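Thanks, everyone, for making the time this morning. I would like to walk you through one model, and I will pause after each part so that you can look for yourselves.

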Amino acid sequence: MSNLNPGDSPKSGGPVSAEQIADLAAASRVLVAQGVVDAFGHVSIRHPHAPERYLMACSIAPALVTPEDIIEYDLDSNPCNANGRSSFLERFIHGEIYKARADIHSIVHSHSPSVIPFGLVGVPMQAMFHNAAFIAEGVPVFDIRKKFGATDMLVSNAPKGVALAAVMGRKNVALMRAHGSVACGPTLQTAVFRAVYTEVNARIQHWTAALKGGAPIAALDLEEGRLSDAVNQTAGMRAWDLWRRQVRSEVKW
Ligand SMILES: [Zn+2]
């Protein structure tokens, strides 16, 4: 729990480069362009020099985010520098996953539509192709109802964030029943890549399920997933370079 008195702001973890802030703002627009977020959804990074802090936009639509909208938070999700800007209700997703997973440095939360059905039925997501290799390790489903009963479905406080992080465990993607998903990674680029390819993989799995009749799905196995994911985290960054350039021409930063 925080030691802050009401009205106090936690101390900043220190300056972050303009380039990293611009990349974080651009990531919101990349996720819009790739069909992962719409008017809702958010992306964060852990503070590059202070692991007990993270950065994400104030509560606005992802397509509108600029570097001036980025707020710093402590891991209890108290803003350090809100200056009158409002915070996302579901920022606790980010703070509590960062607390639970020192290896994670970026998180995307979205309601991307092709993914949601897998949280509603007992059909697990499988890795349909190499770009979605990270899915081969399995995708847990967080059902908020199990611990909290009937809610507004939002992860809008620390206990709900803790419960989500516990269900995610050591995985990098988790579904949220009747809500959406989270995709995480050791870098902003990898988290965005995983969020995009979780949505693409879901679409391919729907097509595959329609095509297969009674045949089993020859998805990537665990070892194929591990090998492919290692490649994706280097060569796969071509995707980020493309997506980042596309939004740079849109906003000139
Ligand atoms: Zn949400």
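Let me begin with two histidines: His109 is buried, and His179 is buried as well. Please keep in mind throughout that what you have in front of you is a predicted model.

Both of these histidines belong to a metal site, in which the zinc ion takes its protein donors from Glu90, through OE, and from His109, His111 and His179, each through NE2, at distances of 2.0 to 2.2 Å. Read along the sequence, the donor residues follow the spacing E-x18-H-x1-H-x67-H. The pair I opened with links distant parts of the chain, since His109 sits in strand β4, residues 106–110, while His179 lies in the loop between β6 (173–176) and β7 (180–185), 70 residues apart.

Why is the arrangement around the zinc ion called irregular? The angles subtended by the four donor atoms run from 96 to 143 degrees, and a tetrahedral assignment would require all angles to lie between 85 and 135 degrees, so the upper end of the range rules that label out.

Let me turn to a glutamate outside the donor set, Glu72, which is placed in strand β3, residues 70–74. Glu72 counts as buried because its relative accessibility is 5%, the cut-off being under 20%. Its side chain reaches the backbone nitrogen of Gly13 at 2.5 Å. Beyond its neighbours within four places in sequence, Glu72 is in contact with a set of residues that includes Lys11, Ser12, Gly14, His47, Arg53, Tyr54 and Cys80.

That last residue brings me to the cysteines, and to the question of how many disulfides the structure holds. The number is zero, and for Cys80 in particular the nearest cysteine sulfur, which is that of Cys58, is 15 Å away. Cys80 nevertheless counts as buried, at 14% relative accessibility, and Cys184 counts as buried too, at 0%.

Finally, the interior. The largest nonpolar core comprises 73 residues, and those with the most contacts inside it are Leu31, Ile97 and Val192. Helix α5, residues 188–211, supplies the largest share of this core, namely 10 residues. If we set aside its neighbours within four places in sequence, Leu31 is in contact with Val36, Val37, Val43, Val108, Val192, Ala195 and Val196. As a general point, nonpolar side chains in soluble globular proteins tend to be buried together.

I am happy to take questions from here.

Key:
Residues are numbered from 1 along each chain as its sequence is written. This is a predicted model: local features need pLDDT of at least 70, side-chain atom pairs count only at pLDDT 80 or more; totals for chains, interfaces and linings use all residues. Side-chain values use heavy atoms; hydrogens and water are left out. A nonpolar core is a set of buried Ala, Val, Leu, Ile, Met, Phe, Trp, Tyr and Cys residues joined through side-chain atoms within 4.5 Å. Buried means under 20% relative accessible area, exposed over 50%, partly exposed in between (1.4 Å probe, protein chains only). Helices (H or I, at least four residues) and strands (E, at least two) are DSSP runs, numbered from the N terminus. Contact means heavy atoms within 4.5 Å. A disulfide is a pair of cysteine sulfur atoms within 2.5 Å. A polar contact is a pair of N or O atoms within 3.5 Å; within protein, one must be able to donate a hydrogen and the other to accept it, and residues adjacent in sequence count only if both atoms are side-chain atoms. Donors are N, O and S atoms within 2.8 Å of the metal (3.2 Å for Na, K and Ca); water is not among the atoms, so sites may look incomplete. Four donors count as tetrahedral if all angles lie between 85 and 135 degrees; four count as square planar and six as octahedral if opposite donors are over 155 degrees apart and all others between 65 and 115; anything else is irregular.
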